[in-house]
Amino acid sequence: MSKTVLIVVAHPDPASLNGALKEIAISELRELGHRVLLSDLYGMGWKAPFDGGDFLDRRDPTRLSLVTESGHAYASGTQTPDVMAEQEKLAAADAVIFQFPLWWFSMPAILKGWVDRVFAYGLAYGYKNAGNQYRYGDGGFAGKRALLSTTVGGPAIDYSPRGINGPLEDLLFHITHGTLFFAGMTVLPTHAIYAVDRLEREAADDAFMRWRGRLRGLFTDAPIPFRHQNAGDYPDRHVLDESVAPGVRGFAAHVDTRVHTEGQPRGSET
Ligand SMILES: Cc1cc2nc3c(=O)[nH]c(=O)nc-3n(C[C@H](O)[C@H](O)[C@H](O)COP(=O)(O)O)c2cc1C
């Protein structure tokens, strides 16, 4: 069935590897019959800083509380047109692909600025103005799939489970879990191409083939099995129950390694 996919790309040069991966995504997704929306952040001249200029009708002109103003602007329809246009694309999207080079183990600042400004209070956090009731699996973006696609300068071994940089999924946990899953999205395992600055022709062809494979699995691949806040593992909505993943600390505790089928009630897992 035809779906809508939003591609958010953060690279200043369309002729870059990231630019090529974006083009492949557009053509592959269209071939699959999907509608593609694009946010080329550098190309659009996206304003990255989140500041007073984001609020056209300040609730409190004397002190800038960004959370309060974000909630007010979202609820009253006084956000800036560029933010509203991105939220409309998000609303239409069944899946969102983020294409970016890994910079300092994270996303480029322009993409962080897109998140800061577009993920408004009342939508991506503070959903329904209900504090933390809807987060981590629930929220304004529930039902949408998300996929990070990143190019990495370092070799894969540096990002292996005991590699010196730390595992890539751990480094990007604040995006996959803390940002996308927080806002309700179903997040797929990150797609990474390593050692990109020394990519030979053959390796590049192989990387492009693997990328096309991931695009074909966008709506069928198993997501990262993050634990949902409201499915019983966090009785007080804050901390894992003692009986869940006993002895496991840190990021790994929030990933349910037991095999389960997406969409099944959590209690029905074996
Ligand atoms: C500001 C900056 C920060 C970078 N940080 C990292 C990093 O943390 N880890 C890494 O492996 N490579 C890092 N790199 C290398 C980039 O990931 C690499 O150059 C990029 O993925 C290549 O993609 P492109 O050809 O599309 O620009 C960094 C590069 C720049 C410019």
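## Exercises on the ligand site, a pocket and a cavity

In this predicted model, a polar side-chain atom of His 11 lies 2.6 Å from an oxygen atom of the ligand.

**Exercise 1.** Describe the surroundings of the ligand, beginning with how many residues surround it.

*Solution.* Step one is the count: 16 residues surround the ligand. Step two is to name the closest, which are His 11, Asn 18, Trp 104, Thr 151 and Tyr 159. Step three turns to contacts made by the backbone. A backbone N or O atom of Gly 154 is 2.8 Å from an oxygen atom of the ligand. For Leu 17, a backbone N or O atom lies 3.3 Å from a ligand oxygen atom. His 11, by comparison, uses a polar side-chain atom, at 2.6 Å.

**Exercise 2.** Work out where the second largest pocket lies relative to domain 1 (4-223) and domain 2 (225-270).

*Solution.* Start with the lining, which consists of Glu 169, Asp 170, Phe 173, Thr 176, Ile 224, Phe 226, Phe 251, Ala 252, Val 255 and Thr 257. Next, look for helices: α6 (168-171) and α7 (173-181) each supply at least two of the lining residues. Then compare the lining with the domain bounds. Both domains give residues to the lining, so the pocket lies between them. To complete the description, the pocket has a volume of about 160 Å³, and its lining divides into six nonpolar, two polar and two charged residues.

**Exercise 3.** State how many cavities of 30 Å³ or more there are, and describe the largest.

*Solution.* The count comes to one cavity of 30 Å³ or more. The largest cavity has a volume of about 60 Å³. Its lining is made up of Phe 50, Asp 54, Phe 55, Ser 70, Ala 73, Gln 79, Thr 80, Val 83 and Arg 117. Sorted by type, the lining holds four nonpolar, three polar and two charged residues.

**Exercise 4.** Find which residues UniProt lists for the Flavodoxin-like fold domain, and describe that span.

*Solution.* An unreviewed UniProt entry lists residues 3-209 for this domain. The end C-alpha atoms of residues 3-209 are 22 Å apart. In secondary structure, the span is 36% helix and 15% strand.

Terms used. Residues are numbered from 1 along each chain as its sequence is written. This is a predicted model: local features need pLDDT of at least 70, side-chain atom pairs count only at pLDDT 80 or more; totals for chains, interfaces and linings use all residues. Side-chain values use heavy atoms; hydrogens and water are left out. On a 1 Å grid over the protein atoms alone, a cavity is a set of points where a 1.4 Å probe fits but cannot get out, and a pocket is an open set with protein on both sides within 12 Å along at least five of seven lines; lining residues have an atom within 4 Å of a point. Grid points are joined across faces, edges and corners, and a volume is the space filled by probe spheres set on the points. Helices (H or I, at least four residues) and strands (E, at least two) are DSSP runs, numbered from the N terminus. Ala, Val, Leu, Ile, Met, Phe, Trp, Tyr, Cys and Pro count as nonpolar, Asp, Glu, Lys and Arg as charged, and the others, Gly among them, as polar. Domain bounds come from an automatic or database domain assignment. UniProt positions are given in the numbering used here, feature names are shortened, and annotations may be inferred rather than shown by experiment. A residue is near a molecule or strand if one of its heavy atoms lies within 4 Å of it. A polar contact is a pair of N or O atoms within 3.5 Å; within protein, one must be able to donate a hydrogen and the other to accept it, and residues adjacent in sequence count only if both atoms are side-chain atoms.
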